[in-house]
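I opened this model to look through its helices, its backbone torsions and one of its sheets, and I kept my entries in the order in which I checked things.

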Amino acid sequence: MFCMRIHKNRACSVRPAYPYVQHQINIDSISLEYGNIRIVELRHLRYFVAVAEQGNVSRAARKLFIAQPPLSQQLKQLEDEVGTPLFTRLPRGMQLTAAGESLLEDARAILARAQQAPLRARERERHGQAVLRLGLVPSAMQSLLPGLLRAVEQAGWEVQIEAREMISSRQQQALRQGELELGFARPGNQDADALEVASIEDPYCLAVPPSHALASGDEPLDLQAAARLPFVGFARYQDADYFDRTVALCAEAGFTPLIRHEAGQLVNVLALVACGLGVAIVPSSFATLYRGQVVFRPLQAARHSSRLAVLAAPQALQGNPVLACVARAAARELNGLAGRLHLAR
């Protein structure tokens, strides 16, 4: 991962062409370390992300309002600093290498933080409140976040919560690196570690249209019964963790799902199911929110289970009393959801 260093007596600025950085940021100079690599500057990352997103140097140059030759030179400098090719040059564009895909995730995060840093500092000075960065898997936004916000408001804690949608594996990484204080995540079966404050079982179920033959019955369903049905999938680029686990469930049942439709939000996955376009594998907690237009059938016990957890770094909890209070409130919300799941079964 990158770490950031400030150097005195040098000047640089971040221009607003990159979409994450819309305001001028005045700094002495910023260089970054990537492994043992030194002197990667923000402009290198900004140019790199633009080319990665456009897939073409000419289009990226137009977006950045610079000429193509200087942009190509900057990319070459970045590849020299990293020590490996970041793009495969194709006749009609550029394609990221495996190293480039890895760097792209970090570069976007750093540029976003460069934008947010002065805004957060001014907000903290203006309101005098502590800021708590909360990571969320999509399902937690409706099942857990509203109750947590009410609890914080009712308790009168001086804290401002910044919610960020983030897949579970990225949350765990961000918590260890100090980029988040708290998270609602779905750690894998083997991922229980010191980050977990509390967790509940939130097993997967099959969402089916009410008129479908599989909609009748209350007993746990053998997923093999859906082997020949079209599936509505959650787009892998949105949440690789969730996509991979649902595919693994089908593989355990002996088939590869026919994913005929995709959506970028779980609520839209359910909307497509309600339209009769297919079935979908979703966590049981969705049954507490969307019962009516969709029928949720519990699945027979599988090796790939699902847990919903509150995550926080232990050292952060020990040194931050407000965070510890909010984490306990989050655990209470989680336990409340467990009770609702039990009643819904």
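**Entry 1, helix H1.** I listed the buried residues of H1 and found Leu42, His44, Leu45, Arg46, Tyr47, Phe48, Val49, Ala50, Val51 and Ala52. That makes 10 buried residues of the 13 in H1, so I noted the helix as mostly covered, taking buried to mean under 20% relative accessible area. The model is a predicted one, and I kept that in mind for every entry here.

I then looked at the length of H1, which runs over residues 42–54. At 1.5 Å a residue its 13 residues should span 18 Å, and because the end C-alpha atoms lie 18 Å apart, I recorded that the two agree. After H1 comes Gly55, for which I read a positive phi, near 70 degrees.

**Entry 2, Phe65.** Which phi does Phe65 have, given that it is not a glycine? I found a positive value of about 60 degrees. Most residues other than glycine have a negative phi, so I marked this one for a second look. I located Phe65 in the loop between helix H2 (57–64) and helix H3 (68–82). Is Phe65 buried or exposed? Its relative accessible area is 72%, and because the cut-off for exposed is over 50%, I entered Phe65 as exposed.

**Entry 3, the sheet.** I traced an open sheet of five strands, with mixed pairing and the order E9-E8-E10-E17-E11. Its edge strands are E9 (159–165) and E11 (196–201), each of which pairs on one side only. With direction ignored, neighbouring strands of this sheet are turned by 15 degrees against each other on average. Looking along the E11 side, I found that E11 and strand E17 (residues 307–311) run antiparallel and are joined by five bridges. Within this pair, Ile200 stands opposite Leu308 of E17.

**Entry 4, helices on the sheet.** Helix H6 (residues 145–155) packs on the sheet, where I found it touching strand E8 (130–136), E9 and strand E10 (182–185), and the direction of H6 makes about 170 degrees with that of E9. Helix H7 (residues 168–176) also packs on the sheet, touching E8, E10 and E17, with its direction at about 160 degrees to that of E10.

I went on to the burial of H7 and listed Ser168, Arg170, Gln171, Gln172, Ala174 and Leu175 as buried. H7 is followed by Gly178, whose phi I again noted as positive, near 75 degrees.

Technical notes. Residues numbered from 1 in each chain as written. Predicted model: local features only at pLDDT ≥ 70, side-chain atom pairs only at ≥ 80, totals over all residues. Heavy atoms only, no water. Pairing = 2+ DSSP bridges. Helix = DSSP H or I, 4+ residues; strand = E, 2+ residues; numbered from the N terminus. Axes fitted to C-alpha atoms, helices over the stretch in contact; angles between N-to-C directions. Contact = heavy atoms within 4.5 Å. Expected span 1.5 Å × (residues − 1). Buried < 20%, exposed > 50% of the residue type's maximum accessible area, 1.4 Å probe, protein only.
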